[in-house]
Amino acid sequence: MLRIRWELLLMAIIFWQRGQTEMNETKQSLGHVSVVIVGGTGDLARKYLWQGFFQLYADQVGKGYTFSFFGGGLSPAGKGTEVLFEILKELTCPSELSAERCALVKEQFLHLAQYHQLKTSEDYEKLIQLIKLQVEQEDMVEAGRLFYLSVPAFSYADIADKINSTCRPSHNAWLRVVLEKPFGHDFGSAQFLSKQLSGKLNEEEMYRIDHYLGKQVVSKILPFRMENKKLLDPIWNKHHIERIEIVLKETLDAKGRIQFYDQYGVIRDVLQNHLTEFMTLMLMNLPANLSNSAEILKNKLIFLASLNFIDRSNAVIGQYHAYNGEVQQELNKTKDYFSRTPTFAGVVIHVDNAQFEGIPIFMTSGKALDERVSYARVLFRSDTFCVQDSNNVQCKPKQIIFFLGHGKLQYPAILVSKNLFKPDLVSSNWKEITEYKDVNVLGLPLSDHYVQTPIVPREAYCELILHVFIGRKDSFISSEGLLASWAFWTPLLDSLAQDFPRLYPGGVANGNLLNFQLRGHQVAFSHEALVNVIKTGVEENFQVMQGKFRSSDMVSAWAQELVERLASDLLLAAEKAIHEEGQFHLALSGGSSPVALLRSLALNLYTFPWRNTHIWQVDERCVPHTESGSNFQSIHNLLLQHIRIPYFNIHPMPVHLNQRLCVEEDGGPILYEKEINQFINASRFHYILLGVGHDGHTASLFQDTKLDSHRERLVTLTESPFKPHQRMSLTFTAINRAQRVGVLVMGKSKHELVTQLSRIKGESTKYPITKVQPKSGTLIWYLDYDALLG
């Protein structure tokens with residue numbers, strides 16, 4: 001018995017000596033790496049980070065590098081060491097290591113890991129002095145220093161400052177600093193954080209981690225597309241793809257994370273980062289070389305720039321019933337407090353490029369749902385009609401699924417319908433599944449798909465820690481990519497800030513309550529929520545009211561009904577004009593007033609005779625039409641890109657001539673006036689739609705606008721008190737010639753203006769809108785109840 005124990009001990013010593021010999025032989029050529037986990041005894045470090053660094057050590061031991069590992073925290077050394085030791089005892093070895101090898105590697109790792117208090121600059125200085133001393137005593141060459149900041153984002157700038165001032169290695173060694181999300185709360189805060197960090201760390205030194213990029217399926221999306229490029233290229237476009245779904249469903253609630261979660265919500269927590277990265281890898285242009293990180297990051301930016309603008313009309317939000325009680329309890333809120341933070345969101349995104357335009361991308365995530373599952377699915381159009389045997393595989397839906405795990409399948413996999421094509425394996429360490437479980441994946445039997453999965457499952461953090469170690473940047477978020485993503489999501493978040501999410505019970509009891517659907521380019525829940533509403537005031541008595549305002553016709557209703565009525569009136573005016581003259585000339589103003597109307601025209605009135613309609617501008621800011629401040633850009637984004645109208649029926653104001661903006665000598669107003677005279681009989685627009693500013697201006701005609709010297713002109717340059725100051729506008733002469741003029745006024749902020757206008761008889765120099773008095777046409781005021789009644 002003693003002999004057996006002695007032989008085992010002898011073998012252990014031999015194995016350990018071999019490992020030491022292998023490391024000693026090559027350490028001078030590759031060097032020593034110091035790893036510091038700031039927040040090294042926290043929840044993330046306990047669950048994932050120490051295991052990830054142990055995996056890295058197990059992979060690299062004997063390959064030329066030596067290591068030391070430091071867990072840093074605010075606790076004193078004695079207490080922190082005790083906690084760290086408990087964490088390290090729970091580490092598990094990679095499956096490829098034998099039990100004997102595992103024991104040796106783990107013992108060596110425990111010997112190399114220690115705790116240090118990291119609270120002040122002096123603490124960081126002491127740590128670096130210890131690292132230097134260790135390197136000198138062991139006669140090692142320093143390869144690099146890796147800092148992992150597993151701490152709240154508000155402390156990043158302070159820690160980065162300490163690292164920059166005290167912890168930089170010599171010029172021959174690298175510095176890599178890993179940052180955990182969240183990276184800001186919106187575009188402004190992300191930009192501020194980026195600016196703070198860029199003053200202390202170089203971009204190539206920062207590794208902003210999104211653990212989704214370390215998931216084995218996500219990391220193989222680009223290789224899958226590259227390996228199957230010849231088969232995918234003909235079908236990876238709008239002519240073959242029907243829709244794309246990107247989903248992350250959770251059964252857990254937010255209990256215990258409320259302090260963080262109530263500040264962020266599901267869109268910031270999941271959609272802005274994880275699911276956006278998922279989408280980007282699926283639809284970005286393939287790089288020529290998958291190992292070229294710079295090209296991958298560049299192509300990501302190009303794709304993000306091609307996403308169409310989204311706001312609250314493109315999303316639905318919900319909140320599970322128990323959430324508000326959890327907020328009240330964990331944040332010590334009173335019983336009458338109500339959180340608007342969404343725990344569920346469904347968004348539909350469209351891409352503005354020739355390859356994918358028109359394809360709806362359904363993106364959704366939520367807590368307290370019926371199952372835990374995450375996947376992205378590309379559903380292709382069917383080109384087969386099956387007269388009989390609809391269960392034949394050729395008659396079933398065609399799809400590619402990037403399945404991250406959990407759900408009914410349980411393991412990560414890439415699935416391709418057998419009636420689509422047989423894919424090549426994405427990697428030599430993946431395998432094809434040939435024995436199928438009797439399960440359905442998204443409604444279809446697993447056996448209807450070619451399925452491939454990793455041979456050895458690896459945790460996302462293990463993958464990403466390895467990528468930090470080798471300096472592979474494409475697995476991380478660049479500063480430009482971060483800001484581009486926030487620039488896309490921030491307008492949606494701002495527009496939802498005051499919305500109340502739909503309540504849902506949680507789990508299977510949700511039923512169909514959270515189902516949502518696409519209506520044109522807008523999104524709405526498929527089923528109405530059952531709520532008790534006590535109606536008071538005018539809303540219960542009427543929806544649409546007609547009357548008089550300033551001696552002209554008036555239509556008043558709640559905002560949605562008012563917009564629908566105005567759209568209907570425009571349709572009637574168009575049909576009348578086309579019946580009488582063969583065409584309809586419509587002039588649209590800029591600003592916020594017509595936004596809801598343009599959406600309604602684009603998405604709901606499919607019978608509108610656009611082929612015979614000409615679109616003109618009432619006014620324009622003197623900026624290029626490609627800029628976001630341009631009125632024409634707004635009309636294009638909200639209306640023109642969604643309808644089928646001949647391009648020669650579109651008449652933007654010529655504010656940009658000779659590479660200059662609104663210069664009198666370039667004659668822009670005269671050119672537009674000639675165009676009006678050329679196309680429009682007697683220069684009388686069939687319909688001009690106006691809004692009214694809070695100061696009473698309309699079009700770009702302000703209180704100080706001088707038009708006496710241009711009394712008969714139809715178009716003029718004007719000066720606005722608001723930026724951009726230079727404008728081009730139709731004159732009152734052109735407006736008052738129109739056959740019909742509609743003035744749309746919406747929102748409580750306009751109530752005081754409407755009250756003042758109702759008291760004025762005739763014209764007032766203070767309120768330019770009062771000069772709108774069609775000579776032989778009709779003026780109609782469209783006022784919503786908020787503007788009319790306050």
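**Exercise 1.** Find which residues are linked with Asp59 in a network of salt bridges.

*Solution.* In this predicted model, the network of salt bridges links Asp59, Arg458 and Glu463. Counting salt bridges by the rule of a side-chain nitrogen of Lys or Arg within 4 Å of a carboxyl oxygen of Asp or Glu, one arrives at 29 salt bridges.

**Exercise 2.** Work out where in the chain the two partners of the salt bridge between Glu357 and Lys238 lie, and decide whether Glu357 is buried, partly exposed or exposed.

*Solution.* Begin with the contact itself, in which the side chains of Glu357 and Lys238 form a salt bridge at 2.8 Å, N to O. Next, place the partners: Glu357 belongs to the loop between β9 (344-349) and β10 (361-366), while Lys238 belongs to the loop between α10 (229-232) and β7 (241-249), so that the pair links distant parts of the chain, 119 residues apart. Finally, Glu357 has a relative accessible area of 38% and is therefore partly exposed, and Lys238, at 22% relative accessibility, also counts as partly exposed.

**Exercise 3.** Explain which parts the salt bridge between Arg257 and Asp269 ties together, and decide whether Asp269 is buried or exposed.

*Solution.* The side chains of Arg257 and Asp269 meet at 3.8 Å, N to O, in a salt bridge. Because Arg257 lies in the loop between β7 and α11 (258-283) and Asp269 in helix α11, the pair ties together parts that are twelve residues apart in sequence. As for accessibility, buried means under 20% relative accessible area; Asp269, at 8% relative accessibility, counts as buried, whereas Arg257, with a relative accessible area of 36%, is partly exposed.

Terms used. Residues numbered from 1 in each chain as written. Predicted model: local features only at pLDDT ≥ 70, side-chain atom pairs only at ≥ 80, totals over all residues. Heavy atoms only, no water. Helix = DSSP H or I, 4+ residues; strand = E, 2+ residues; numbered from the N terminus. Buried < 20%, exposed > 50% of the residue type's maximum accessible area, 1.4 Å probe, protein only.
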